[in-house]
Amino acid sequence: FVLFDEIVTSFHDLIEKVAKLNWSAADGGVSKAAAILPVMNGNVLPYVSLALGTLTATTINALRQRQLTLRTNLNTEACIIRSLHSACDSLFPPEASMDERTKCGL
């Protein structure tokens, strides 16, 4: 909203150039800005805020779901690795079969 007046002026200048209008506003364009201001503050602003809030909430929810899925998958993989290490320790005890453990990379 800081650049509202400049944007309104630029927009109306662009419309005048595109439409090739040969008239100018008597009040310098103040009535054009005053005509659009109630619409911006009355209808548009709440709907834009609602839309951006909904998009933000949806994005945060999607990221949270990804985080939960990643945590579940990482926990499952860590359990599988722990089970594999435990099975290798029972098959090849460290004190009895050091050569086999070295060959397997344990």
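## Overall fold

The chain folds into three helices, with zero strands. Reading from the N terminus, that gives the order α-α-α. Keep in mind that this is a predicted model.

## How confident is the prediction?

Across the chain, the mean pLDDT is 80, and 75% of the residues get to 70 or more. Which elements sit at the two ends of the confidence range? Helix α2 has the highest mean pLDDT among the elements, at 86, while helix α3, covering residues 98-104, has the lowest, at 74.

## Surface and burial

There are 106 residues in the chain, and just 8% of them count as buried. The accessible surface adds up to about 9000 Å², and carbon and sulfur atoms account for 66% of that area.

## A nonpolar patch with V48

Four residues, V44, V48, L52 and L55, make a nonpolar patch on the surface, with an area of about 340 Å². One of them, V48, belongs to helix α2, which spans residues 30-91.

Why can V48 be part of a surface patch? Patch residues need over 30% relative accessible area, and V48 has 40%, so it clears that cut-off. That value makes V48 partly exposed.

## S90 and its backbone partners

Helix α2 also holds S90. Is S90 buried or exposed? S90 is exposed, because its relative accessible area is 56% and the cut-off for exposed is over 50%.

Which backbone oxygens lie 2.8 Å and 3.2 Å from a polar atom of the S90 side chain? The one at 2.8 Å belongs to S86, and the one at 3.2 Å belongs to A87. So the S90 side chain is exposed as part of its residue, and a polar atom of that side chain also has the backbone oxygen of S86 at 2.8 Å.

Notes. Residues are numbered from 1 along each chain as its sequence is written. Side-chain values use heavy atoms; hydrogens and water are left out. Patches are made of residues with over 30% relative accessible area and no salt bridge: like charges are joined within 9 Å, nonpolar side chains (Val, Leu, Ile, Met, Phe, Trp, Tyr) within 5 Å. Accessible areas come from the Shrake-Rupley method with a 1.4 Å probe; for residues, only the protein chains shown count as cover. A salt bridge is a side-chain nitrogen of Lys or Arg within 4 Å of a carboxyl oxygen of Asp or Glu. Helices (H or I, at least four residues) and strands (E, at least two) are DSSP runs, numbered from the N terminus. Buried means under 20% relative accessible area, exposed over 50%, partly exposed in between (1.4 Å probe, protein chains only). pLDDT is the predictor's confidence in each residue, from 0 to 100. A polar contact is a pair of N or O atoms within 3.5 Å; within protein, one must be able to donate a hydrogen and the other to accept it, and residues adjacent in sequence count only if both atoms are side-chain atoms.
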